[in-house]
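Colleague: Please take a close look at one part of this model for me. I would like the salt bridges and the helix they involve, then whatever surrounds them.

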Amino acid sequence: MTGELPPLTGDPGHPGGPGGAGGSQPGEDRRHMIRRRALTLLIIVLLIGVPAGYLVISANQSRASGKDKEAKYSATGLTEGWPSKLQRRIYQVPIPHPAWWVASYETNNWKTSRLYVEFETSDAGLTAFLTSMGMAEKDLKKDRLTIGERDRDVTGWTFDGPGTWSGLVHEQENPAPTHDVVVNHDKPGYPRVYVVARTVP
């Protein structure tokens, strides 16, 4: 029949068929997907791996430092760490802040009790330490090694290393302790202090 419309081939209810304005966008190509996943994986590795690496390095450094200290004191009677507050009070050894490489050792017998202490501090810390004992840096006499051989044998102290050595004796009447102090000025600004405090029970 002339004038007859051709049959519809598309679905009039879905104008978004092939080529329609409402069609979905083409999917992500494989190369882009691989690149995106690789980038995501890299970010995850960095977020987890880098902090973990720092923790491992820090742990190894701490372990190495601990081994150094252990080796340093293993040849002596000293034990790494601060004396107790009670010991510091009884022997009147006011370790200053800051102080590093602190070690101590106590001996007791019926006649005399001794506390051996060594530490490294700053110039200000040394001044504070001496002041707390009623002394001053001018009381330190160059090349005066006031800690005797007996006490050196107990601790392993030799006092023969490099640097300028000085010492003093802080005498007090019993039962207050007497202090023999030796200082090594090998590291400018960071004196190393050796103390023997003696009390008679």
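Modeller: R114 and D151 are both buried. They form a salt bridge, with the closest N and O atoms 3.4 Å apart. R114 belongs to strand β3 and D151 to helix α4, so the pair ties together parts that are 37 residues apart in sequence. Keep in mind that this is a predicted model.

Stay with D151 for a moment. Its backbone oxygen is reached by the side chain of T155, at 3.1 Å. T155 sits in helix α4, which covers residues 149-155. The relative accessibility of T155 is 0%, so T155 counts as buried. D151 thus appears in two contacts: a salt bridge with R114, and a backbone oxygen that meets the T155 side chain.

Next, V154, which is also in helix α4. Is V154 buried or partly exposed? Its relative accessible area is 27%, and the cut-off for buried is under 20%. V154 is therefore partly exposed. Leaving aside residues up to four places away in sequence, V154 touches G77, Y105 and Y116. Take Y105 from that list: 49 residues separate Y105 and V154 along the chain, yet their C-alpha atoms are 9.2 Å apart.

Helix α4 also holds a salt bridge of its own. The side chains of R152 and E149 meet at 3.6 Å, N to O. Both residues lie in α4, three residues apart, about one turn of the helix. The general geometry fits: an α-helix has 3.6 residues a turn, so residues three or four places apart point the same way. What about exposure in this pair? R152 is buried, with a relative accessible area of 14%. E149 is at 53%, so E149 counts as exposed.

Now the wider set of charges. The whole structure has eight salt bridges. One of them joins K138 and D139, whose side chains meet at 3.6 Å, N to O. K138 counts as exposed because its relative accessibility is 64%. D139 is partly exposed, at 22% relative accessible area. Set that beside R114 and D151, which are both buried. There is also a network: salt bridges link E118, E120, K187 and R192.

Finally, helix α3, residues 123-132. G125, L126, F129 and L130 are buried there. Seen down the axis of α3, these buried residues fall within an arc of 130 degrees, so they line one face of the helix. On the other side of α3, A124 and T131 are exposed. Which strands does the buried face meet? The buried residues of α3 pack against β3 (113-121), β5 (165-170), β6 (178-184) and β7 (192-199). Strand β3 has come up before: R114, the partner of D151 in α4, lies in β3. After α3 comes G134, whose phi is positive, near 80 degrees.

To pull this together around β3: the strand carries R114, which is bridged to D151 of α4. The buried residues of α3 pack against β3 as well. Within α4, T155 contacts the D151 backbone, and R152 pairs with E149.

Note on methods. Residues are numbered from 1 along each chain as its sequence is written. This is a predicted model: local features need pLDDT of at least 70, side-chain atom pairs count only at pLDDT 80 or more; totals for chains, interfaces and linings use all residues. Side-chain values use heavy atoms; hydrogens and water are left out. Buried means under 20% relative accessible area, exposed over 50%, partly exposed in between (1.4 Å probe, protein chains only). Helices (H or I, at least four residues) and strands (E, at least two) are DSSP runs, numbered from the N terminus. The arc is that of the directions from the helix axis to the C-beta atoms. Contact means heavy atoms within 4.5 Å. A polar contact is a pair of N or O atoms within 3.5 Å; within protein, one must be able to donate a hydrogen and the other to accept it, and residues adjacent in sequence count only if both atoms are side-chain atoms. A salt bridge is a side-chain nitrogen of Lys or Arg within 4 Å of a carboxyl oxygen of Asp or Glu.
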